Amino acid sequence: MGLLDDVEAYFSTQSIAGIAGTTSVTDTGWIIFKSRMAPDPDKAIALFETGGFAPEVRSDLNRPTFQVRVRANTTGYSTGRDKLQAIEDILHGFASTTMNGRYYAAIYAMTDAI
């Protein structure tokens with residue numbers, strides 16, 4: 001499992017969106033895609049790895065980055081914007097934890113939503 005798998009699982013446990021093939025999709029009404037944005041359904045969240053920063057030379061510290069994209073239906077700007085805000089609220093300043101055997105020191109937003 002990798003970074004996007006961990007973020008996907010975290011979103012599911014926080015009731016942000018569901019993982020394809022699980023009841024969490026029905027429960028939240030939103031589905032998560034990794035490395036792509038499928039044409040359906042309208043309520044979709046896509047996660048993309050974006051390269052990150054150079055690894056530390058004498059450390060096990062990695063600083064990966066990822067992007068979150070949200071799509072709501074054509075008349076649902078407020079719905080999509082609210083979901084994006086909920087994602088920012090649970091991610092920005094995320095406290096240290098271990099997920100799937102990997103330690104995450106923190107997660108910080110690099111920009112505001114665009």
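Tyr10 counts as buried in this predicted model, because its relative accessibility is 16%, which lies under the 20% limit for that class. Tyr10 belongs to helix H1, which spans residues 3-13. When its neighbours within four places in sequence are left aside, Tyr10 is in contact with Ile90, Leu91, Phe94 and Met99.

One of these contacts, Phe94, also takes part with Tyr10 in an aromatic pair, and the structure holds one such pair. The ring centres of Tyr10 and Phe94 are 4.8 Å apart and their planes stand at 80 degrees, so the arrangement is edge-to-face, given that angles over 60 degrees fall in that class. The pair links distant parts of the chain, since Phe94 lies in the loop between helix H3 (77-91) and strand E5 (97-99), 84 residues from Tyr10. Phe94 likewise counts as buried, because its relative accessibility is 9%.

The accessibility values given for three residues are set out below.

| Residue | Relative accessibility | Class |
|---|---|---|
| Tyr10 | 16% | buried |
| Phe94 | 9% | buried |
| Ala106 | 31% | partly exposed |

Tyr10 is also a member of the largest nonpolar core, which has 19 residues, and it stands with Phe11, Ile16, Ile45, Leu47 and Leu91 among those with the most contacts inside that core. Helix H1, strand E3 (44-49) and helix H3 each supply at least two residues of the core, and the largest share, five residues, comes from H1.

Helix H3 also holds Lys83, a charged residue that is buried yet has no salt bridge. The nearest side chain of opposite charge, that of Asp82, is 9.6 Å away from Lys83, so this separation exceeds the 4 Å within which a salt bridge would be counted. With neighbours within four places in sequence left aside, Lys83 is in contact with Ser15, Ile16, Trp30, Ile45 and Val70; of these, Ile16 and Ile45 are also listed among the core residues with the most contacts.

Another positively charged residue, Arg69, is placed differently: Arg69 lies over the face of Phe48, at 4.2 Å from the ring centre.

Ser15, one of the contacts of Lys83, can also be related to Ala106, for the two residues are 91 residues apart in sequence and 20 Å apart in space, taken from C-alpha to C-alpha. Ala106 lies in the segment after strand E6 (102-104), and at 31% relative accessibility this alanine counts as partly exposed.

Key:
Residues are numbered from 1 along each chain as its sequence is written. This is a predicted model: local features need pLDDT of at least 70, side-chain atom pairs count only at pLDDT 80 or more; totals for chains, interfaces and linings use all residues. Side-chain values use heavy atoms; hydrogens and water are left out. Rings of Phe, Tyr and Trp (its six-membered ring) pair if their centres lie within 6.5 Å; planes under 30 degrees apart count as stacked, over 60 as edge-to-face and the rest as tilted. Helices (H or I, at least four residues) and strands (E, at least two) are DSSP runs, numbered from the N terminus. Buried means under 20% relative accessible area, exposed over 50%, partly exposed in between (1.4 Å probe, protein chains only). A charge sits over a ring if NZ of Lys or CZ of Arg is within 6 Å of the ring centre and within 35 degrees of the ring normal. Lys and Arg count as positive and Asp and Glu as negative; His and the chain ends are not counted. Contact means heavy atoms within 4.5 Å. A nonpolar core is a set of buried Ala, Val, Leu, Ile, Met, Phe, Trp, Tyr and Cys residues joined through side-chain atoms within 4.5 Å.
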